[in-house]
Amino acid sequence: MFPRSLPLAFALGLALPATVIAQGFEYAAGTGQYRVSSTTAGTQEAMGQTQEFDTSSDQLLTLTVARAHRDTLLVTTVIDSMAAVGPMGMTPPGLDKLIGLRVLARTSPGPTPPRDS
């Protein structure tokens, strides 16, 4: 029995570390630009009168992903441009102050949530 199990033990000894390494992961860095467009239609009721409204916005975002640690991403989002039309057909005030806004976030995998059976 011992001579047959020796090659099996040797194969498992080689395969086990490769399996453990294969289960690891790392993130790659990258940058991209994205256009985000949204449209909202709604109805507002006040004092017995109903009024429908539409709003829309267009944004150009630059998203940069960098490796902070082996399992952690550093994500930077910058608003390059933004245009919006409010409910009355006008641009909401203060929108120009958002241009160039930089948002930083760190994200890493957490525990896997339990599955509902």
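**View 1. β2 and β3 side by side in a predicted model.** In this predicted model, β2 pairs with strand β3 (residues 72-85) in the antiparallel sense, with 13 bridges between them. Strands here are DSSP runs of E at least two residues long, helices are runs of H or I of at least four residues, and both are numbered from the N terminus. Two strands count as paired if DSSP finds at least two bridges between them. The link is a hairpin: two residues sit between β2 and β3. For a spot to look at, take Ala66, which stands opposite Leu74 in β3.

Some housekeeping: residues are numbered from 1 along each chain as its sequence is written, and side-chain values use heavy atoms, with hydrogens and water left out. Because the model is predicted, local features need pLDDT of at least 70 and side-chain atom pairs count only at pLDDT 80 or more, while totals for chains, interfaces and linings use all residues.

**View 2. The β1 and β2 ladder.** β1 and β2 run antiparallel and are joined by 17 bridges. Two pairs are handy for finding your way: Thr39 stands opposite Ser56 in β2, and Ser37 has Asp58 of β2 as its bridge partner.

**View 3. Met47 at the turn.** Follow the chain out of β1 (30-46) and you meet Met47 in the loop before β2 (49-69). This hairpin has two residues between its strands. Met47 isn't a glycine, yet its phi is positive, at about 50 degrees. Met47 counts as exposed because its relative accessibility is 87%; the cut-offs are under 20% relative accessible area for buried, over 50% for exposed and partly exposed in between, using a 1.4 Å probe and protein chains only.

**View 4. Thr62 and its surroundings.** Back in strand β2, have a look at Thr62. With a relative accessible area of 17%, Thr62 is buried. Its side chain makes a polar contact of 3.3 Å with the side chain of Gln33. Such a contact is a pair of N or O atoms within 3.5 Å; within protein, one must be able to donate a hydrogen and the other to accept it, and residues adjacent in sequence count only if both atoms are side-chain atoms. Neighbours within four places in sequence aside, Thr62 is in contact (heavy atoms within 4.5 Å) with Thr31, Gly32, Gln33, Thr76, Thr77, Val78 and Asp80.

**View 5. A nonpolar patch around Val103.** Leu98, Leu101 and Val103 make up a nonpolar surface patch, together offering about 220 Å² of accessible area. Patch members have over 30% relative accessible area and no salt bridge; like charges are joined within 9 Å, and nonpolar side chains (Val, Leu, Ile, Met, Phe, Trp, Tyr) within 5 Å. A salt bridge puts a side-chain nitrogen of Lys or Arg within 4 Å of a carboxyl oxygen of Asp or Glu. Areas come from the Shrake-Rupley method with a 1.4 Å probe, and for residues only the protein chains shown count as cover. Val103 belongs to strand β4 (residues 102-107) and is partly exposed, at 45% relative accessible area.
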